[in-house]
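Work through the exercises below with the sequence and the model side by side. Try each task before reading its solution.

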Amino acid sequence: MDGYRDTGADRLTAFADDSALGGFDRVRAAECLARVDGYRDTGADRLTAFADDSALGGFDRVRAAECLARVDGYRDGGAQLLAQLVGDSALGGFDRVRAAECLARVDGYRDGGAQLLAQLVGDSTLDGTNRVSAARGLAGVGGYRDGGAQLLAQLVGDSTLDGTNRVSAAVKLTGVGGYWKTGTQLLAELASDPTLGGVDRMSAALARARVDTRNPPRTALTKRGTRPFGGW
């Protein structure tokens with residue numbers, strides 16, 4: 001109702017500006033504010049500030065930039081902030097990978113996001129878990145399935161990674177459309193690799209046994225636009 005629009009917008013503004021609230025709630029309030037007729041810029045300004053605020057957690061900063069990119073007229077600004085967050089070494093690897101995935105979903109920035117995901121895969125300053133997640137994310141970007149699959153296969157063979165991450169990379173490869181056979185073969189090789197610890201070899205063998213060759217897995221990686229986070 002028009003008579004309550006300004007009152008509601010004022011309340012949302014107060015929530016967004018309340019430093020006693022958690023970052024998640026403040027970002028949510030700004031996101032809602034940007035949807036109120038006549039308050040788009042006000043909400044967008046706060047989303048921009050949150051994405052830039054190093055006092056907030058990385059998850060909330062990435063979410064603020066992602067929300068900003070969805071606000072009419074602020075797509076480029078949100079995309080620019082997402083790219084900056086990917087390159088921010090002060091953030092955790094999980095948040096940087098997530099920012100690159102979000103960027104790849106912004107209209108017109110798919111290639112840019114994909115390139116950043118590929119860079120993160122090769123970033124030795126990140127731990128193996130995040131590098132594997134970046135490769136998995138790349139495989140879920142439209143037009144980059146093969147590139148992501150190839151990087152997952154490379155990580156399986158990377159002896160600088162611990163066995164857990166190498167097995168994880170192979171498992172994720174079985175979930176990429178058209179690569180389940182390759183992933184299954186790599187799991188078999190890991191299960192037979194004497195340089196790996198017993199637990200990792202057994203994990204590889206178990207994962208291989210769980211692959212249904214009659215019904216190849218369809219995971220988030222085979223569905224364009226699905227966020228590819230989660231355990232294997």
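**Exercise 1. How many salt bridges does the count come to?**

Solution. The model is a predicted one. A pair counts when a side-chain nitrogen of Lys or Arg lies within 4 Å of a carboxyl oxygen of Asp or Glu. By this rule there are 19 salt bridges.

**Exercise 2. Describe the fold of the chain and say how far its confidence reaches.**

Solution. Step 1: start with the secondary structure. The chain has 12 helices and 0 strands, and its pattern along the sequence reads α-α-α-α-α-α-α-α-α-α-α-α.

Step 2: turn to burial and contacts. The chain has 232 residues, and 48% of them count as buried. Of the contacts between residues at least 6 apart in sequence, 50% join residues at least 24 apart. The accessible surface is about 11600 Å², with 47% of it belonging to carbon and sulfur atoms.

Step 3: check the confidence. The average pLDDT of the chain is 91, and 90% of the residues score at least 70. Over residues 219-232, however, pLDDT stays under 50, although the model has 35 contacts beyond four places in sequence for them. Where pLDDT is low, predicted coordinates should not be read in detail.

**Exercise 3. Which residue forms a salt bridge with Arg35, and is Arg35 buried or exposed?**

Solution. Step 1: find the partner. Arg35 pairs with Glu31, and their closest N and O atoms are 2.9 Å apart.

Step 2: apply the cut-offs, under 20% for buried and over 50% for exposed. Arg35 counts as exposed because its relative accessibility is 57%. Glu31, at 9%, counts as buried.

**Exercise 4. Which parts of the chain does the salt bridge between Glu66 and Arg98 tie together?**

Solution. Step 1: take the distance. The closest N and O atoms of Glu66 and Arg98 are 3.6 Å apart.

Step 2: place the residues. Glu66 lies in helix H4 and Arg98 in helix H6 (residues 93-105), so the pair ties together parts that are 32 residues apart in sequence.

Step 3: look at accessibility. Glu66 is buried, with a relative accessible area of 14%, and Arg98 is buried with 3%.

**Exercise 5. Repeat the analysis for Asp158 and Arg131, then look for a network.**

Solution. Step 1: the two side chains meet in a salt bridge of 3.8 Å, N to O.

Step 2: Asp158 is in the loop between helix H9 (145-156) and helix H10 (163-174), while Arg131 is in helix H8 (residues 128-139), so this pair ties together parts that are 27 residues apart in sequence.

Step 3: Asp158 is buried, at 18% relative accessible area. Arg131 counts as buried at 11%.

Step 4: salt bridges that share partners join Arg28, Glu31, Arg35, Arg63, Glu66, Arg70, Arg98 and Arg105 into one network.

**Exercise 6. Compare two neighbours in helix H4, Phe59 and Asp60.**

Solution. Step 1: Phe59 is found in helix H4 (residues 58-69). Its relative accessibility is 35%, so Phe59 counts as partly exposed. Together with Phe24 and Phe94, Phe59 forms a nonpolar surface patch with about 280 Å² of accessible area.

Step 2: Asp60 is also found in helix H4. Asp60 is buried yet has no salt bridge. The nearest side chain of opposite charge is that of Arg63, 5.3 Å away.

Step 3: list the contacts. Leaving out residues up to four places away in sequence, Asp60 touches Gly23, Phe24 and Val27.

How values were computed: Residues numbered from 1 in each chain as written. Predicted model: local features only at pLDDT ≥ 70, side-chain atom pairs only at ≥ 80, totals over all residues. Heavy atoms only, no water. Patch = residues over 30% accessible without salt bridge, like charges linked within 9 Å, V, L, I, M, F, W, Y side chains within 5 Å. Areas by Shrake-Rupley, 256 points an atom, 1.4 Å probe, with all protein chains shown as cover. Helix = DSSP H or I, 4+ residues; strand = E, 2+ residues; numbered from the N terminus. Buried < 20%, exposed > 50% of the residue type's maximum accessible area, 1.4 Å probe, protein only. Lys, Arg positive; Asp, Glu negative; His and termini not counted. Contact = heavy atoms within 4.5 Å. pLDDT = per-residue confidence, 0-100.
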